[in-house]
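This report describes the pockets, the helix packing and some backbone details of one protein chain. The sequence and the structure come first.

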Amino acid sequence: MLLLLDLDNTLIDRDAAFRDAARGFLTAHRLPAADLGWLMATDASGYRPRAKVAAALAGRYPGVVSPEDVWSFLDNGAADRVRLTEDTRLALDEAGAAGWTRVIVTNGRVGQQTKKIHTCGLDRLVDGWVISEAVGHKKPAPEIFHAAAAVAGRQLSAAWMIGDSAPADVGGAHALGLPTVWISAGREWAEPAYRPTHIAADVAAGIRHALSGRTDARV
């Protein structure tokens with residue numbers, strides 16, 4: 001069996017890492033601490049293109065922060081701070097012990113996403129990863145899911161997809177007929193066109209549900 005896993009805000013709390021980095025950025029440049037909320041909103045959980053975030057920072061702090069410092073913050077801030085919870089680590093080990101092949105499927109740039117994977121030790125807990133920049137396709141495009149199956153050397157039809165994004169993770173996998181786990185993190189499902197196979201509060205619970213093979217949609 002094949003376990004496809006999103007990275008940001010699924011395996012790792014990317015938003016928490018970015019928030020910590022943003023606090024450090026504001027402090028280092030003597031900028032208002034109250035700007036943290038603006039920074040988080042501008043980042044949009046990493047979905048806003050980095051060039052647009054950089055432009056917004058330059059416009060808000062003209063002549064105060066250099067372009068080099070802005071890009072250092074955006075490229076390395078969150079990547080340097082990501083952590084893996086012990087329960088996630090244990091769940092990934094359980095999946096491996098049960099014979100599942102574990103592959104990360106993530107949108108983003110190769111350098112940044114690879115750094116996150118190594119920083120938190122995921123490189124030692126999964127069997128491979130696929131990054132959108134490297135394959136030229138982003139989730140929900142079917143090509144990136146097929147690329148992940150090729151990395152794993154497994155049939156895509158034997159896969160579960162686990163992720164926090166309704167359109168990218170659940171929608172992309174649903175279009176391919178794959179069972180899915182949506183990581184809700186306290187949110188309510190709002191997409192009327194399709195539903196995940198299962199909804200879980202966190203990735204460890206999601207992994208364990210996939211291992212069980214059940215197809216109910218309870219949390």
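## Pockets

About 330 Å³ of space lies in the second largest pocket. This pocket is lined by 18 residues, and those closest to its centre are N9, T10, D13, I183 and D202. Two elements, α5 (86-97) and α10 (203-212), each give two or more residues to the lining of the second largest pocket. Sorted by class, this lining holds 7 nonpolar, 5 polar and 6 charged residues. The model is a predicted one, and the totals for pocket linings use all residues.

The largest pocket has a volume of about 610 Å³. Its lining consists of 27 residues, of which G46, Y47, N107, G108 and K138 are the closest to the centre. Helices α6 (110-119), α7 (132-135) and α9 (166-175) are the elements that contribute two or more residues to the lining of the largest pocket. The largest share, 3 residues, comes from α6. By class, the lining of the largest pocket is made up of 3 nonpolar, 12 polar and 12 charged residues.

Where does the largest pocket lie with respect to domain 1 and domain 2? Domain 1 covers 2-13 + 83-216 and domain 2 covers 14-77; both give residues to the lining, so the largest pocket lies between the two domains.

## Helix packing

Two packed helices are described by the angle between their axes and the distance between the axes. The table gives these values for three helix pairs.

| Helix pair | Angle between axes | Distance between axes |
|---|---|---|
| α2 (36-43) and α3 (50-60) | about 150° | 10 Å |
| α3 and α4 (67-76) | about 140° | 10 Å |
| α1 and α4 | roughly 155° | within 10 Å |

With axes that cross at roughly 155°, α1 is roughly antiparallel to α4, because angles over 145 degrees count as roughly antiparallel. The crossing in which α1 passes α4 is right-handed.

Helix α3 takes part in two of the listed packings, one with α2 and one with α4. The angle of about 150° between α2 and α3 is also over the cut-off of 145 degrees, and α2 and α3 are therefore roughly antiparallel to each other. Their crossing is right-handed.

Why are α3 and α4 described as oblique to each other? Their angle is about 140°, which is not over 145 degrees and not within 65 to 115, so the pair counts as oblique. The crossing of α3 and α4 is right-handed.

## Backbone details

Some loop residues have backbone geometry worth listing. The peptide bond from K139 to P140 is cis, with an omega near 20°. P140 sits in the loop between α7 and α8 (142-152). Helix α7 is also one of the elements that give two or more residues to the lining of the largest pocket, and K138 is among the residues closest to the centre of that pocket.

N9 is not a glycine, yet its phi is positive, at about 60°. N9 is found in the loop between β1 (2-5) and α1 (14-28). As noted above, N9 is one of the residues closest to the centre of the second largest pocket.

R30 is another residue other than glycine with a positive phi, here near 55°. The loop between α1 and α2 holds R30. Of the two helices that flank this loop, α1 packs with α4 and α2 packs with α3.

Definitions and conventions. Residues numbered from 1 in each chain as written. Predicted model: local features only at pLDDT ≥ 70, side-chain atom pairs only at ≥ 80, totals over all residues. Heavy atoms only, no water. 1 Å grid on protein atoms, 1.4 Å probe; cavity = no way out; pocket = protein on both sides within 12 Å on 5 of 7 lines; lining within 4 Å. Points joined across faces, edges and corners; volume = space filled by probe spheres on them. Helix = DSSP H or I, 4+ residues; strand = E, 2+ residues; numbered from the N terminus. Nonpolar A, V, L, I, M, F, W, Y, C, P; charged D, E, K, R; others polar. Domains from an automatic or database assignment. Axes fitted to C-alpha atoms, helices over the stretch in contact; angles between N-to-C directions. Parallel < 35°, antiparallel > 145°, perpendicular 65-115°, else oblique. Left-handed = near helix turned anticlockwise from the far one by under 90°.
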